[in-house]
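Trainee: Could you take a close look at one charged pair with me, and then show me where it sits in the wider picture? Here's the model I've got open.

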Amino acid sequence: MKWTKLGRVYTPRSQHPKLATHASNPLAIPLGGDSFAVFFSGRDEQNRSSVGRVDIDIVNRRVLAEYDQPVFVHGDPGTFYEAGVSIGNCYAVGDTRYVLFMGWQAPAGEHWRGEIGRLRLEHDLTMSLADSTPLLGLTDDDPISLSYPWVRDGADGFEMWYGSTLSWDAGNDEMIHIIKYAWSPDGVAWQRAAGPAVPWQIGEAQAFSRPAVLELGGALHMWFSYRSGSGETYRIGHAVSEDAGPWRRDPAGDLGVSETGWDADMVEYPFVFSHQNQILMLYNGNGYGESGFGMAVLERP
């Protein structure tokens, strides 16, 4: 399989101070026909992220509407999302839809860290905080920092893939941040599996973020951001899980940087979804989303 890039779709240009820069972590919600609401994480001058929105014609890659006001703003001091909200994906429990997010904390004199929370997505596409405490917080199993969750409604309950930090520095000036797995019968109480879900290796792939999982041809496919630890910026990698077996890396589905332009320095934060029998990816480029987001289409044999 191979991705064909379709170009940049949106460059952030809101005048609101909470959305002054960036359109990171795009999340597409269908509105009907070819129209999608794309939520993203924009930043203020202190790099605190809040949720913005733009409506897109996904086929013609045309902006239909921009919203200058943030949909949801980061929390007050002392909350688990005081330093920012970086969104993951959307899933439904009964008639209620939730958007998962990484809540950033930046305590004075300490390293930043993250925990996982959820927002309630209303029928009018407004958002509100679903829980005042993290849905997935730090524990003995995940003691340092958590990030970017993706939830899938499986046959026997809900499955989650999320990021967990093992070390801030592996000795090569790069963190070890792996993708782990959790399961829930109701989408609320989660049981975490031990160990990594996706293989990692120092110097090759040791800093993962924002998994996106899709079932294709009877197998599960995952795309994610990763850094090698050898000095490269983010790239988008691919892994496969066949017959409910372990995940294996499959570079044939990776997405790399372009030779020039808005995504020539890095590519990251994929969101993969289907529309009109095509598999599409929204993703960020240079500057962790400062240059906006673009789209690619998967060419399958």
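Which residue's side chain meets that of Glu242 in a salt bridge, and how many Å separate N and O?

Mentor: It's Arg248, with 3.1 Å from N to O. Before we dig in, remember that this is a predicted model, so local features need a pLDDT of at least 70 and side-chain atom pairs one of 80 or more, while totals for chains, interfaces and linings take in all residues. Numbering starts from 1 along each chain as its sequence is written, and side-chain values use heavy atoms, with hydrogens and water left out.

Your pair counts as a salt bridge (a side-chain nitrogen of Lys or Arg within 4 Å of a carboxyl oxygen of Asp or Glu). Neither partner is hidden away: Glu242 is partly exposed because its relative accessibility is 41%, and Arg248 is partly exposed too, at 40%. For reference, buried is under 20% relative accessible area, exposed is over 50% and partly exposed is in between (1.4 Å probe, protein chains only).

Now widen the view. The whole structure holds 15 salt bridges. One of them joins Arg113 and Glu110 at 3.3 Å, N to O. There, Arg113 is partly exposed because its relative accessibility is 24%, whereas Glu110 reaches 51% and therefore counts as exposed. Lys18, Asp44 and Arg48 go beyond a simple pair and are linked in a network.

The one I'd put beside yours is Arg192 with Asp142, whose closest N and O atoms are 2.8 Å apart. That pair links distant parts of the chain, 50 residues apart: Arg192 belongs to strand E13 (residues 191–192), while Asp142 is in the loop between E9 (127–129) and E10 (146–154). The strand labels are DSSP runs of at least two residues, numbered from the N terminus. Asp142 has a relative accessible area of 0%, so that acid is buried.

Follow Arg192 and you land in a piece of sheet. Ala182 stands opposite Arg192, and E12 and E13 run antiparallel, joined by two bridges (strands pair if DSSP finds at least two bridges between them). Six residues lie between the strands of this hairpin, and one residue of the hairpin, Gly187, takes a positive phi near 80°. Ala182 has a bridge partner on E11 as well, namely Met160. E11 (residues 157–167) and E12 run antiparallel and share nine bridges. E12 itself (residues 176–184) is mostly covered, with seven of its nine residues buried.

While we're on positive phi, two asparagines are worth a glance. Most residues other than glycine have a negative phi. Asn25 has a positive one, near 55°, and lies in strand E2 (residues 21–32). Asn277 has one near 60°, but that asparagine is found in the loop between E18 (268–275) and E19 (278–284). Their surroundings contrast: Asn25 is buried because its relative accessible area is 1%, while Asn277, at 75%, is exposed.

Rings deserve a look as well. There are 22 aromatic pairs in the structure. Rings of Phe, Tyr and Trp (its six-membered ring) pair with centres within 6.5 Å; planes under 30 degrees apart are stacked, over 60 edge-to-face, and the rest tilted. Phe80 and Phe101 make a stacked pair, 5.7 Å centre to centre with 15° between the planes. Here again distant parts of the chain are linked, this time 21 residues apart: Phe80 is in the loop between E5 (62–72) and E6 (84–93), and Phe101 is in E7 (residues 96–105). Both Phe80 and Phe101 are buried. Tyr91 and Tyr98 have ring centres 5.9 Å apart and planes at 40°, so that pair is tilted. Tyr91 is buried because its relative accessibility is 5%, and Tyr98, at 10%, is buried as well. Finally, Phe36, Trp150, Phe271 and Phe273 gather into one aromatic cluster.

So, back to your pair: Glu242 and Arg248 meet at 3.1 Å, and with Glu242 at 41% and Arg248 at 40%, both are partly exposed.

Conventions. Helix = DSSP H or I, 4+ residues; strand = E, 2+ residues; numbered from the N terminus.
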